[in-house]
Amino acid sequence: MIGRLLAGAACAIGLAGAAQAQDAEPYKIFLSMSYIGNDWQAEASNMIKALAASEEYKDRLNLDVQVAGPNAQRQIQQINAMVQAGADAIVVYPISPTALNSVVRSACSRGVTIIAYDAEITEPCAYNVTIDQAEAGRKTAEWLVEQMGGEGDVVMVTGVPGTSVDTARTSAAKEVFAQHDGINIVGEAVGMWSQAVARTELNKLMATRDWSAIDGLWMQVGCYTANAMQLEAGQAPEDLLPCAGEGSNGGRIQMLPADTAVDGASAPYAPMGAPRISYASPPYSGALALKLAVDKLDGVEIPQHTTLPLPLVTNETVELCETGSWEEQKAGCNAFQPGLVSNPGWFASIFSEELPQLGLNAALVGQPER
């Protein structure tokens, strides 16, 4: 009898709490973005907006999005203004791991929750949601060394300079290459995590050498473009160089066996068995940061650092989705029909077990599944 009374009381408290949360004013949450000149940032923004528009969150928060560009001082000014405007929480892609520390510390002292996604903030009061960026650099470099038999010439294309992401990935990859006397880095360029920039920089690097003069590519973004450029230069699909790089959908479609039936495929956005390891910082990291911000404002204890699973896809594990729903991705697919995703540079690592609101349309156009 006492147990039933306690259970009934707990139920009543829970219902009262839910009703109170429903009646409460929506949280005022800001999204502070820095560099946006690539497909990844656009997707991350779409997924944040989609979660904010979902049934579970649309009445719980008001989201205000601001873009600082690759300018730390401007991002500092914007965050200050967000605090002044009464922010409850700020979800941020930081242009630098340290430059924002002072403004973040000030915001925390005024009760504002700060959660960074993908790139890190080192101020202890900030929360961070990332993959292990060093692991990403290390594992992809190890794969490339194995593909090359432990020797050969490598071209590297890195990311956005100054971010914790680029620094950790590039340093870890170079440490791996340095352990093998037969591996030589013969060219290096800054790619800004952009397929277009990667093409420009690869053109410069390849102006004085032939594709046959190098043995492998390590690229934070650009494997899809590098494969396209090799085909344009007359290289046969079966002779494409091994490339360790980004999780672009175009790259994953190229990884599929050449005889795979794919809707909307057209070379170079087509199956060709290209030797690849494909990884990405998942674009859903920003949406998960938003979810954690709401949890924290609700009084739920959240981890100071959330490390996401590293999505690694090889030729053996790439799997084509038919519709791209969250449920289908949960079953294991990780590449999307070109007929659904027209942009080959679009990032395919969008699945999170914790975000059933977000399927293909969330990443494409900012629309939740429910």
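Reader: I see two helices, H5 and H6, side by side. Is their crossing right-handed or left-handed?

Author: Good place to start! This is a predicted model, and in it the crossing of H5 and H6 is right-handed.

Reader: What else should I look at when two helices pack?

Author: In general, two packed helices are described by the angle between their axes and the distance between the axes. Here the axes of H5 (residues 133–147) and H6 (residues 164–178) cross at roughly 35° and come within 7 Å.

Reader: Which residues of H5 and H6 meet?

Author: From H5, look for Gln-133, Ala-134, Gly-137, Arg-138, Ala-141, Glu-142, Leu-144 and Val-145; their partners in H6 are Val-165, Ala-168, Arg-169, Ala-172, Ala-173, Val-176 and Phe-177. Sorted by character, the residues of this contact are 10 nonpolar, two polar and three charged.

Reader: And how much space lies in the largest cavity?

Author: About 110 Å³. It is lined by 14 residues, and those closest to its centre are Trp-40, Arg-169, Trp-193, Ser-281 and Phe-347. Helix H2 (39–53) and H6 are the elements that give two or more residues to this lining. Eight of the lining residues are nonpolar, three polar and three charged.

Reader: How many disulfides does the structure hold?

Author: Three. As a general idea, a disulfide is a covalent bond between the sulfur atoms of two cysteines. Take Cys-108 and Cys-125, whose sulfur atoms are 2.1 Å apart. Their link is right-handed, with 80° about the S-S bond. Cys-108 sits in helix H4 (residues 101–109), while Cys-125 lies 17 residues away, in the loop between strand S4 (113–117) and strand S5 (127–130).

Technical notes
Residues are numbered from 1 along each chain as its sequence is written. This is a predicted model: local features need pLDDT of at least 70, side-chain atom pairs count only at pLDDT 80 or more; totals for chains, interfaces and linings use all residues. Side-chain values use heavy atoms; hydrogens and water are left out. Axes are lines fitted to C-alpha atoms, for helices over the stretch in contact, and angles run from 0 to 180 degrees between N-to-C directions. Helices (H or I, at least four residues) and strands (E, at least two) are DSSP runs, numbered from the N terminus. A crossing is left-handed if the near helix is turned anticlockwise from the far one by less than a right angle, and right-handed if clockwise. Contact means heavy atoms within 4.5 Å. Ala, Val, Leu, Ile, Met, Phe, Trp, Tyr, Cys and Pro count as nonpolar, Asp, Glu, Lys and Arg as charged, and the others, Gly among them, as polar. On a 1 Å grid over the protein atoms alone, a cavity is a set of points where a 1.4 Å probe fits but cannot get out, and a pocket is an open set with protein on both sides within 12 Å along at least five of seven lines; lining residues have an atom within 4 Å of a point. Grid points are joined across faces, edges and corners, and a volume is the space filled by probe spheres set on the points. A disulfide is a pair of cysteine sulfur atoms within 2.5 Å.
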